[in-house]
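User: Hi! I'd like to understand how the labels people put on a protein structure are decided. Could we go through some together?

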Amino acid sequence: MAERICKADRKCNPDVLETVIELAVGIARRNINRARKGALFVVGDEEEVLKKSKPLILDPLANYPKAVKDIRDADIQGTIKELAKLDGAFVVSGDGYVLSAARHIEASSRNIDLPMGFGSRHMAGASISRETDAVAVVVSENDEVVRVFDDGELVGEIIFGIWDFE
């Protein structure tokens, strides 16, 4: 899926998108046995995404050097899993650095058509992927599903549940 979404003209590394999806699946799996939490990752086109969002709280990642915020690093993945308890989106650069956390997405939801039952996190992901060249990965708080949005459209779902014994 990542290879198809991260086309040559998009500043999105397929390995980065795959890592974000794997991280999202890990967060969703934790929902099975622990307190439920959702998450929104916006990958790529970071300059535009940052322009179309604002901090909800003081950004817990703001003053750390880029070198320690590589999404492929196990330490930052553990941090992200903990920060997912906060509301707001994570902004991940196309080359794999978590630039910001706990962001409110301010993209317009006009002309976004989502199925019934999708919440504000899904709407924000669809909207920001429509208004920018970013891809949004959403961990649903209400079920064990990870959804991927591109250009305002749902392009992928990873569904699992109690039958997933891994």
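**Salt bridges and a sheet**

Analyst: Happy to! In this predicted model, the side chains of Arg-130 and Glu-153 form a salt bridge, with N and O 3.4 Å apart. The two belong to distant parts of the chain: Arg-130 sits in helix α5 and Glu-153 in strand β7 (residues 153-159), 23 residues apart.

User: Why is the contact of Arg-130 and Glu-153 called a salt bridge?

Analyst: The rule asks for a side-chain nitrogen of Lys or Arg within 4 Å of a carboxyl oxygen of Asp or Glu. Arg-130 and Glu-153 come to 3.4 Å, N to O, so the pair meets the cut-off of 4 Å.

User: How many salt bridges does this rule give?

Analyst: The count is nine. One of the pairs is Lys-66 with Asp-95, at 3.6 Å from N to O.

User: What makes the pair of Lys-66 and Asp-95 a tie between separate parts of the sequence?

Analyst: Lys-66 is in the loop between β2 (53-55) and α4 (74-83), while Asp-95 is in the loop between β3 (89-92) and β4 (98-105), so the pair ties together parts 29 residues apart in sequence.

User: Is Arg-121 buried or exposed, and how do you know?

Analyst: Its relative accessible area is 19%. Buried means under 20%, so Arg-121 counts as buried. Arg-121 also forms a salt bridge with Glu-141, the closest N and O atoms being 3.5 Å apart.

User: Why is Glu-141 called partly exposed?

Analyst: Glu-141 has a relative accessible area of 35%. Partly exposed covers the range between the buried limit of 20% and the exposed limit of 50%, so that label fits Glu-141. Glu-153, at 46%, is partly exposed as well.

User: Now the sheet. What is the order of its strands?

Analyst: Seven strands form an open sheet in the order β2-β4-β3-β1-β5-β6-β7, with mixed pairing.

User: What makes β2 and β7 edge strands?

Analyst: Each of them pairs on one side only.

User: How do you know that β2 and β4 pair?

Analyst: Pairing needs at least two bridges. β2 and β4 have three bridges, in the antiparallel sense, so they count as a pair. Ser-53 stands opposite Ile-105 in β4.

User: Which helix packs on the sheet, and which strands does it touch?

Analyst: That is α4, which touches β1 (39-43), β3 and β4. The direction of α4 makes about 15° with that of β4.

Technical notes. Residues are numbered from 1 along each chain as its sequence is written. This is a predicted model: local features need pLDDT of at least 70, side-chain atom pairs count only at pLDDT 80 or more; totals for chains, interfaces and linings use all residues. Side-chain values use heavy atoms; hydrogens and water are left out. Helices (H or I, at least four residues) and strands (E, at least two) are DSSP runs, numbered from the N terminus. Buried means under 20% relative accessible area, exposed over 50%, partly exposed in between (1.4 Å probe, protein chains only). Contact means heavy atoms within 4.5 Å. Axes are lines fitted to C-alpha atoms, for helices over the stretch in contact, and angles run from 0 to 180 degrees between N-to-C directions.
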